[in-house]
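The exercises below are meant to be worked with the sequence and the 3D structure side by side. Try each task before reading the solution that follows.

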Amino acid sequence: MKPSDNFKKIINNHLESLATADELFAETLKKQNKNIDECITYIFNQVKNSGCNGFTDDEIFGMAVHYYDEDQIEVGSNIDCKVVVNHSIELSKEEQEDAKKKAFEELVSEEKSKLQKKQASKKVEPVQFVQASLF
């Protein structure tokens with residue numbers, strides 16, 4: 001999962017938890033002209049336009065709710081950016097196994113390249129035999 005996917009998941013989970021607690025917001029969340037991808041784009045544009053680099057969870061969640069509440073809202077253009085999420089991310093058993101396998105393969109590859117470099121630096125010079133003349 002990429003960071004923006006994690007961010008999207010966290011925002012979506014928050015909105016869904018609000019919807020289960022508030023029937024009115026549950027209806028707002030079902031609007032046909034709204035979706036989570038545009039919501040994320042809206043948040044990214046709001047953050048960019050603010051000029052700030054850090055926000056509280058409540059500020060970001062508030063932007064998400066605002067996006068769904070407003071019928072006429074300018075989303076803005078897609079922004080390619082990195083998002084730092086301060087929530088712990090739970091990996092499935094399959095994802096954990098894949099991560100372990102990848103880490104092991106990387107370690108093996110690094111060790112092989114180290115050994116190859118050592119062997120390349122230890123060039124063996126050919127031994128020249130000199131035969132002494134008996135005459």
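H3 is followed by Gly 51, whose phi is positive, near 80 degrees. The model is a predicted one, in which local features need pLDDT of at least 70 and side-chain atom pairs count only at pLDDT 80 or more, whereas totals for chains, interfaces and linings use all residues. Residues are numbered from 1 along each chain as its sequence is written, and side-chain values use heavy atoms, with hydrogens and water left out.

**Exercise 1. Examine helix H3 from end to end.**

Step 1: begin with the element itself, bearing in mind that helices (H or I, at least four residues) and strands (E, at least two) are DSSP runs, numbered from the N terminus. The expected span of a helix is 1.5 Å times one less than its number of residues. For the 15 residues of H3 (residues 36-50) this should give 21 Å, and because the end C-alpha atoms are 21 Å apart, the two values agree.

Step 2: look at the N-terminal end, which is capped by Asn 35, since a side-chain oxygen of this residue lies 3.1 Å from the backbone nitrogen of Asp 37.

Step 3: list the buried positions, where buried means under 20% relative accessible area, exposed over 50%, and partly exposed in between (1.4 Å probe, protein chains only). In H3 the buried residues include Ile 36, Cys 39, Ile 43 and Phe 44.

**Exercise 2. Find which helices build the largest nonpolar core.**

Step 1: apply the criterion, namely a set of buried Ala, Val, Leu, Ile, Met, Phe, Trp, Tyr and Cys residues joined through side-chain atoms within 4.5 Å. The largest such core has 22 residues, and among those with the most contacts inside it are Phe 7, Leu 15, Ile 36 and Tyr 68.

Step 2: assign the core to elements; helix H1 (3-21), helix H2 (23-29), H3 and helix H4 (57-69) each supply at least two residues, and the largest share, seven residues, comes from H4.

Step 3: follow one member, Leu 15, which, leaving aside neighbours within four places in sequence, is in contact (heavy atoms within 4.5 Å) with Phe 25, Leu 29, Ile 36, Ala 64, Val 65 and Tyr 68.

**Exercise 3. Compare His 66, Asp 69 and Gln 72 by position and accessibility.**

Step 1: His 66 is found in helix H4 and counts as partly exposed because its relative accessibility is 35%. Not counting residues up to four places away in sequence, His 66 touches Tyr 42 and Ile 73, and the C-alpha atoms of His 66 and Tyr 42, 24 residues apart along the chain, are separated by 9.7 Å.

Step 2: Asp 69 also belongs to helix H4 and is partly exposed, at 39% relative accessibility. Beyond its neighbours within four places, Asp 69 is in contact with Phe 25, Thr 28 and Lys 31; Asp 69 and Thr 28 are 41 residues apart in sequence and 6.5 Å apart in space, C-alpha to C-alpha.

Step 3: Gln 72 lies in the loop between H4 and helix H5 (93-121) and counts as exposed, at 75% relative accessibility. From Gln 72 to Ala 99, 27 residues apart in sequence, the C-alpha to C-alpha distance is 43 Å.

How values were computed
Polar contact = N/O pair within 3.5 Å; in protein donor to acceptor, adjacent residues only side chain to side chain.
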